[in-house]
Amino acid sequence: MANTNMRWKLPTICFVLQIIMIILFGFFVRSNIESDPHWAEYKETQNITSDNENEFYYRYSSFQDVHVMIFVGFGFLMTFLQKYGFGSVAFNFMLAAFGIQWAILMQGWFHSFEDGKILIGVENLINADFCVGSVCIAFGGVLGKVSPVQVLVMTLFQVTLFSVNEWVLLNQLHVIDAGGSMTIHTFGAYFGLTVAFILRRPKLNERNHNEGSVYHSDIFAMIGTLFLWMYWPSFNSAVSNHGDAQHRAAINTYCSLASSVLTTIAISSAVNKTGKLDMVHIQNATLAGGVAVGTAAEMMLTPYGSLIVGFICGIVSTLGYKYLSPLLTSKLGLHDTCGIHNLHGMPGIIGGIVGAVTAAAATEDVYTAPGLIAMFRFEGDWANRSPSTQGGYQAAGICVSLAFAFVGGTIVGLILKLPIWGEPADENCFEDAVYWEIPNEEEEVETSNQYVAHEPQYHNTLKMSEEP
Amino acid sequence: MANTNMRWKLPTICFVLQIIMIILFGFFVRSNIESDPHWAEYKETQNITSDNENEFYYRYSSFQDVHVMIFVGFGFLMTFLQKYGFGSVAFNFMLAAFGIQWAILMQGWFHSFEDGKILIGVENLINADFCVGSVCIAFGGVLGKVSPVQVLVMTLFQVTLFSVNEWVLLNQLHVIDAGGSMTIHTFGAYFGLTVAFILRRPKLNERNHNEGSVYHSDIFAMIGTLFLWMYWPSFNSAVSNHGDAQHRAAINTYCSLASSVLTTIAISSAVNKTGKLDMVHIQNATLAGGVAVGTAAEMMLTPYGSLIVGFICGIVSTLGYKYLSPLLTSKLGLHDTCGIHNLHGMPGIIGGIVGAVTAAAATEDVYTAPGLIAMFRFEGDWANRSPSTQGGYQAAGICVSLAFAFVGGTIVGLILKLPIWGEPADENCFEDAVYWEIPNEEEEVETSNQYVAHEPQYHNTLKMSEEP
Amino acid sequence: MANTNMRWKLPTICFVLQIIMIILFGFFVRSNIESDPHWAEYKETQNITSDNENEFYYRYSSFQDVHVMIFVGFGFLMTFLQKYGFGSVAFNFMLAAFGIQWAILMQGWFHSFEDGKILIGVENLINADFCVGSVCIAFGGVLGKVSPVQVLVMTLFQVTLFSVNEWVLLNQLHVIDAGGSMTIHTFGAYFGLTVAFILRRPKLNERNHNEGSVYHSDIFAMIGTLFLWMYWPSFNSAVSNHGDAQHRAAINTYCSLASSVLTTIAISSAVNKTGKLDMVHIQNATLAGGVAVGTAAEMMLTPYGSLIVGFICGIVSTLGYKYLSPLLTSKLGLHDTCGIHNLHGMPGIIGGIVGAVTAAAATEDVYTAPGLIAMFRFEGDWANRSPSTQGGYQAAGICVSLAFAFVGGTIVGLILKLPIWGEPADENCFEDAVYWEIPNEEEEVETSNQYVAHEPQYHNTLKMSEEP
């Protein structure tokens, strides 16, 4: 049995990673012109009269919404497990706090590197959050089955792979993916599933009773769901072009999400013998519409097109939770704690396809000639690309993301399988007590058990075994 | 006894409604110029030099705050019931997700219809959220006593009635009501109360023990309260004129809300024999100040005027919870689960009156001559209206809203009384187990009850009756 | 034993304070030009063409983020106590709602007073929230040990002292402190600690078993932690100069916070015998990085400088929770419920020092000549001040803040020690039941206890003692 004592492993890796970050930031990262005192001079050279033209005022409130999605959204969504609330919210916090630093560097080298320095502004913060979003997704696949050290190692590698994949898609294939259906969701989900598959535990289901929710943990999870759902329009529009593109991306995402909710509820009720709803579906599948318009939301998908996408994805995702996930576990041994395949995997691929089709169907009539160029950035090397060619490249982007996910996930999964990271034993999965000091009811002990567990919100395994 | 099995009813209504939405959106809904690629052309014709002039940047962060109020604010406010947390947050989610789509259509036909199309932008999203807010309010009156199918049917009709009432007020009476004291709160509350009255259950109180909170459910509810309270300045300023009006509406609302908190606490303590505070009051009456400046916040109500309004409404609302609600239940059989009469009904009417008085008292001296025209839109057909006439029409708006609420509520209540919607029996009211799969402690069963319920956050009725 | 019945004390103080607020607002507070209908005229005189130049659009979304930090952030952070959730979130709500009104007046007289009136706009709301932030901090030191009347009295005096201290720092010493490391955190923490010391209860620890968390209360607290953590970049940038300064402050704070998370986790694990993490550290010390760049975030601290500050403060703060707090309690009898010394005290002082050093090191090369003047407001009386002199004054600001905290805290502590405020007895500390109606499981009583406490989320002391 693995040694789950984190006393030296976890502090060591945290310190090493953080010190490396400081050194690399020291060498490479500087403020860009919009967050530097030279901005005033620059404004004059650009004939900018108002500070409102600073990128900060176009992007900051979107950034904050995305930030909430990553930390509260994903963090609380995963608190549905009855005894893994601490790990869900806090390991997500840890991985994201490290991940954003590493992402600023990786994405910076690819996209914001000038004269030997990475020049950062608010858009870099958004993109770092996006990158970390893909790690949060993958974390959902292995939730409760890995140690915090494994989480950090996975983050280190996944952020790296994400950035390379993103660079291939955006810079080599010249793919449009502002809301990340491909780069964030497809890549994140299949990467996480591959890792989960490599780390599979054949005896897990026989032994573990903790994998399930209790009444209040399901309500905590709804905090995550709702903040993800509400702020998703900001997510898909955060890095779109100023003006109409950002505006349109928000509207389309809003429509798609609304539609998902109704079909999720419909299917959740329809697949239950007595028509009762399942909170797992509400917590997750209602979000599928946001995933699936990640690529196309800023295009002229139109509000009704968005409704259709949300309609389909609510159905696909809920059916996935009901039928496909149990099948993957029983047939392949692929255990996916949060059902990321249903929420991010399938809707992510659908989103990539919707994006490819929408791009291929673009016309000057709909977008105007300069609008078409602005939308798909048909400039420089890509000045002669046609919408239909663009559609083909968009489709290629899905395949590349999947390839990166499977190959990268396999390698990272094998690294995480090394017996040195303090992985929990099967019987300790989904249980905070392995890695956390858990509050106990001291009073109970001190008053020599005159009454039974008057505040028994949590007992760790050791505690329970002491009871008669 | 009614059949509460939702298996066919709920999926059917969800699918039918969502498909109708898609068809109607397909026929009618398009992006407006500010979210269309033709924006660039349009900008030039309007001599707009900065994308910051796009409506998106004036309204989007207000929209997101309102969005949080509707989904997290109302959703969590209602989780105070000990066994109805799933229904509270998820049925609110469902009704709002459907309602915003239907509201975009209904309000669009009245206000954004051009050349056969509804042209939408961020302001339409805000208005749709506003419209749905009135449904969330009404839902609070019937919370725990209706099936999800009834909720959807009510939403369908209430959004329709709201839009007609709003059109009468704004377009026919030319009433000012940016924060919706009349259109949202007065209409929503009295509509909901009328429906609750029609659906009254004389034997409910004798039988049901679930109508109450537990410790943690009261804390969940505070999440809703605080997000409503904090973002209310955005709510009341979201659709105000650009610049000073929006700025002023936020400040006045902030003041009114602050004042409500103190008088709520004062009265809550004063009406209790031992001076103890009641969470029900804190959760609700602290918000009354926001309701009551919904109409007047963008006018020159002044900060101290706002404090006075909040002062009064904190008192009225808390006294309502303490004395009036029990009276309405015992005398009229009117059971109002969330006390919407105290939070939205009375403060809504007060808000309408405050608005009428503030409008009637408006002078060119205070507003400047063009400012007065801009504030009350004394243009076109209304170019010759005086402030005092405006005050009269504002007062008329309260009456019209009440009339719509009573007549509409009666009709909708009678429709909802039909025994086909799967209404819960009296003994199943306020209990999630009727419509939800509830997580149970499997371990308990499997280990043959060696110790008593170590995580008994929730037991459904069936479960408990099996226990010795 | 003190009489904890609040029936007349609490309503009286609430009403008196609120009526005084109304009167003073009536005499003094008016809208400033940007929230007044005369804005349109003013715009013309200033050649402002766009309403986007209204301060509202530069500050409002930052204001809302700060607002969330004060009410949800601080409120929920303190819900970690197992039986003090109501008091934590609601007394924080009460003190902040009163405090912002009084702060608008106090700060207004010092900073926004023109022709006998205080002219307020969105920046005043932000500053009022900032001022109240220092009261929330101090409240954390006495949490669970004071009555709501004491909380209001403390707020009244602390807001007054804060405003005077702030005026001395900003207007007399001409210190820069946009994010309030000195004015908010250092002052707030040491004021609160001094009050806690004066009110110390030597027998508290022997008797009270309620001072601790339960599983779900620790998750509630994480809601507070995360909203504080996510929105801290808005806090530190909210009142910075438009454009690059605001942009830079957000980026630097983001970096510092990210770094704190990793070192907090590292130390939390390293100081535990079995390497297990402690939720208290995660809930609090992860925020230390935000505190410590409060002064310097808008300066050219650089991203890597911010990482270093966060790195150090995560360590210092976590070690403080582990070793220093128990020592202060056992040696000095200084009981600090939320550990404000570790989260706000030490990091606040570090922040002041970092600010002084960063200011002293400022050069025209880095800031540009006009940039240096804009950053440190080297104008008017301070036109000839050099960066190194500025550094000296910054350091003096720390000392002044500490002096205000110790002297003010002593006086206020002695006032609060008067036996007339309804202070709870030692055995009732950290227990909502003294001041709150607590929901009980009626069913349990009515069914004559056939099964044990099926929903025992909370029992008050009286209740428990009745049980066999």
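Two strands count as paired when DSSP finds at least two bridges between them. With that rule in hand, here are the close-ups; the model they show is predicted.

**Figure 1. Strand β3 of chain B and its parallel partner, β1(B).** Strand β1 of chain B covers residues 29-31, and 3 bridges tie this strand to β3(B). The two strands run parallel. To find your way around the pair, start at B:Ser31, whose bridge partner in β3(B) is B:Ile120. Strand β3 itself spans residues 117-120 of chain B. Which residues of β3(B) sit on the covered face? Those are B:Ile118 and B:Ile120, while B:Lys117 and B:Leu119 make up the uncovered face. B:Ile120 therefore turns up twice here, on the covered face and as the bridge partner of B:Ser31, by the pairing that DSSP bridges define.

**Figure 2. The hairpin of β2(B) and β3(B).** Over on this side, strand β2 (residues 113-114 of chain B) joins β3(B) through 2 bridges, and the strands run antiparallel. B:Phe113 stands opposite B:Ile118 of β3(B), and B:Ile118 belongs to the covered face of that strand. The hairpin leaves 2 residues between its strands. One to click on is B:Asp115, which lies in the turn and has a positive phi of about 50 degrees.

**Figure 3. C:Thr79 in the loop between α3 and α4 of chain C.** Is C:Thr79 buried or exposed? C:Thr79 counts as buried because its relative accessibility is 1%, and the cut-off for buried is under 20%. A polar atom of the C:Thr79 side chain lies 2.6 Å from the backbone oxygen of C:Phe76. Leaving aside residues up to four places away in sequence, C:Thr79 touches C:Gly85, C:Ser88 and C:Val89, along with C:Ser217, C:Phe220 and C:Ala221.

**Figure 4. Chain C against chain B.** Chain C brings 87 residues to this contact and chain B brings 77. Together they bury about 7100 Å², with 70% of that coming from carbon and sulfur atoms. How many salt bridges does the rule find across this interface? The count is 0. Polar contacts do show up, with 26 residue pairs between chain C and chain B, both residues at pLDDT 80 or more. On the chain C side, the elements that each supply at least two residues are α1 (9-28), β1 (29-31), α2 (39-45), α3 (55-77), α4 (85-111), α5 (122-142), α9 (215-237) and α18 (442-446). By residue type, this side of chain C splits into 51 nonpolar, 21 polar and 15 charged.

**Figure 5. Chain C against chain A.** Now look at the contact with chain A, where 77 residues of chain C meet 87 residues of chain A. The buried area is about 7100 Å², and carbon and sulfur atoms carry 70% of it. If you want residues to label, pick C:Tyr215, C:Tyr254 and C:Leu262, which give 12% of the area chain C buries against chain A, more than any other three residues. Between chain C and chain A there are 0 salt bridges, but 26 residue pairs are in polar contact, both at pLDDT 80 or more. Elements giving two or more residues to this side of chain C are α3, α9, α10 (244-270), α11 (279-284), α13 (303-332) and α15 (364-367). The largest share, 18 residues, comes from α10(C). This side of chain C divides into 42 nonpolar, 24 polar and 11 charged residues.

How values were computed
Residues numbered from 1 in each chain as written. Chains lettered and ligands numbered in written order. Heavy atoms only, no water. Contact = heavy atoms within 4.5 Å. Buried area = accessible area lost by both parts, 1.4 Å probe. Salt bridge = Lys/Arg side-chain N within 4 Å of Asp/Glu carboxyl O. Polar contact = N/O pair within 3.5 Å; in protein donor to acceptor, adjacent residues only side chain to side chain. Helix = DSSP H or I, 4+ residues; strand = E, 2+ residues; numbered from the N terminus. Nonpolar A, V, L, I, M, F, W, Y, C, P; charged D, E, K, R; others polar. Buried < 20%, exposed > 50% of the residue type's maximum accessible area, 1.4 Å probe, protein only.
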